[in-house]
Amino acid sequence: MKEEVVVLVAGTFDIIHESHINMLRNAKNLGDKLIVMLSTDDFNAGKGKTAYQDYETRKFVLEAIRYVDVVVPENSWDDKELYIDMFGINIFAMGDDWRGKFDDLKMVFPKLKVMYFPRGKTSSSKIKQDLSKLEKVTKI
């Protein structure tokens, strides 16, 4: 019997866009089950990051995407190891702006494959900048 391949991705997934969907689809195509570890509002605050949408909204949207099987909260950097162990993760994937930053997970989990997907043409940061500009124009 073939072993189930479980893929884990992590991120804030603020204002879901085409590049997010491509990453989720590509990650799901690597295995049988896709788990998304979603940064909580408190974890983001600790990183000096503020999401446009709150955690519950981002979780709701992710759960509605057909490629996503499970969404779990990321409360700290250590949660990656926790979930890799808990769910028997085979593949951990992130955007390539994080390239090399999680390679050390292979030291703890020698069978784990760590992958970095190319960033798409769209980013949440760019969308937020555009929205900010639009808000300034409409206030005049």
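The following legends describe an overview and several close-up views of a predicted model.

**Figure 1. Overall fold of the predicted chain.** The chain contains 6 helices and 5 strands. In sequence order, these elements follow the pattern β-α-β-α-α-β-α-β-α-β-α. The chain has 140 residues, of which 39% count as buried. Its accessible surface comes to about 8,400 Å², and carbon and sulfur atoms account for 53% of that area. Of the contacts between residues at least 6 apart in sequence, 66% join residues at least 24 apart. The count of salt bridges comes to 4, and three views below each present one of these pairs.

**Figure 2. Salt bridge between Lys28 and Asp69.** The closest N and O atoms of the two side chains are 2.5 Å apart. Lys28 belongs to helix α1 (residues 18–29), whereas Asp69 is placed in the loop between α3 (55–63) and β3 (70–74), so the pair ties together parts that are 41 residues apart in sequence. The two partners also fall into separate classes of accessibility: Lys28 counts as buried because its relative accessibility, 18%, is under the 20% limit. Asp69, at 39% relative accessibility, counts as partly exposed.

**Figure 3. Salt bridge between Lys59 and Glu63 within helix α3.** The side chains of Glu63 and Lys59 meet with an N to O distance of 2.7 Å. Both residues lie in helix α3, where a spacing of 4 residues separates them by about one helical turn. Glu63 counts as partly exposed, with a relative accessibility of 43%.

**Figure 4. Buried salt bridge between Lys80 and Glu74.** The N to O distance between the two side chains is 2.3 Å. Lys80 has a relative accessibility of 4% and counts as buried. Glu74 likewise counts as buried, at 2% relative accessibility. Both residues are assigned to this class because their values are under 20%.

**Figure 5. Surroundings of Asp79 in helix α4.** Asp79 counts as buried, with a relative accessibility of 10%. Leaving aside residues up to four places away in sequence, Asp79 touches Met37, Pro73 and Glu74. Glu74 is also the salt-bridge partner of Lys80. Asp79 and Met37 are 42 residues apart in sequence, yet their C-alpha atoms are 8.6 Å apart in space.

**Figure 6. Negative surface patch that includes Asp85.** The patch is formed by Asp78, Glu81, Asp85, Asp103 and Asp104. Asp85 lies in helix α4, which spans residues 79–87. With a relative accessible area of 58%, Asp85 is exposed. Asp79, by contrast, is found in helix α4 but counts as buried.

**Figure 7. Contacts of Glu4 in the segment before β1.** Glu4 is placed in the segment that precedes strand β1 (6–11). With a relative accessible area of 44%, Glu4 is partly exposed. Apart from residues up to four places away in sequence, Glu4 touches Asp32, Lys33 and Asn90. Glu4 and Lys33 are 29 residues apart in sequence, and the distance between their C-alpha atoms is 7.6 Å.

Key:
Residues numbered from 1 in each chain as written. Predicted model: local features only at pLDDT ≥ 70, side-chain atom pairs only at ≥ 80, totals over all residues. Heavy atoms only, no water. Patch = residues over 30% accessible without salt bridge, like charges linked within 9 Å, V, L, I, M, F, W, Y side chains within 5 Å. Areas by Shrake-Rupley, 256 points an atom, 1.4 Å probe, with all protein chains shown as cover. Lys, Arg positive; Asp, Glu negative; His and termini not counted. Charge placed at Lys NZ, Arg CZ, Asp CG, Glu CD. Helix = DSSP H or I, 4+ residues; strand = E, 2+ residues; numbered from the N terminus. Buried < 20%, exposed > 50% of the residue type's maximum accessible area, 1.4 Å probe, protein only. Contact = heavy atoms within 4.5 Å.
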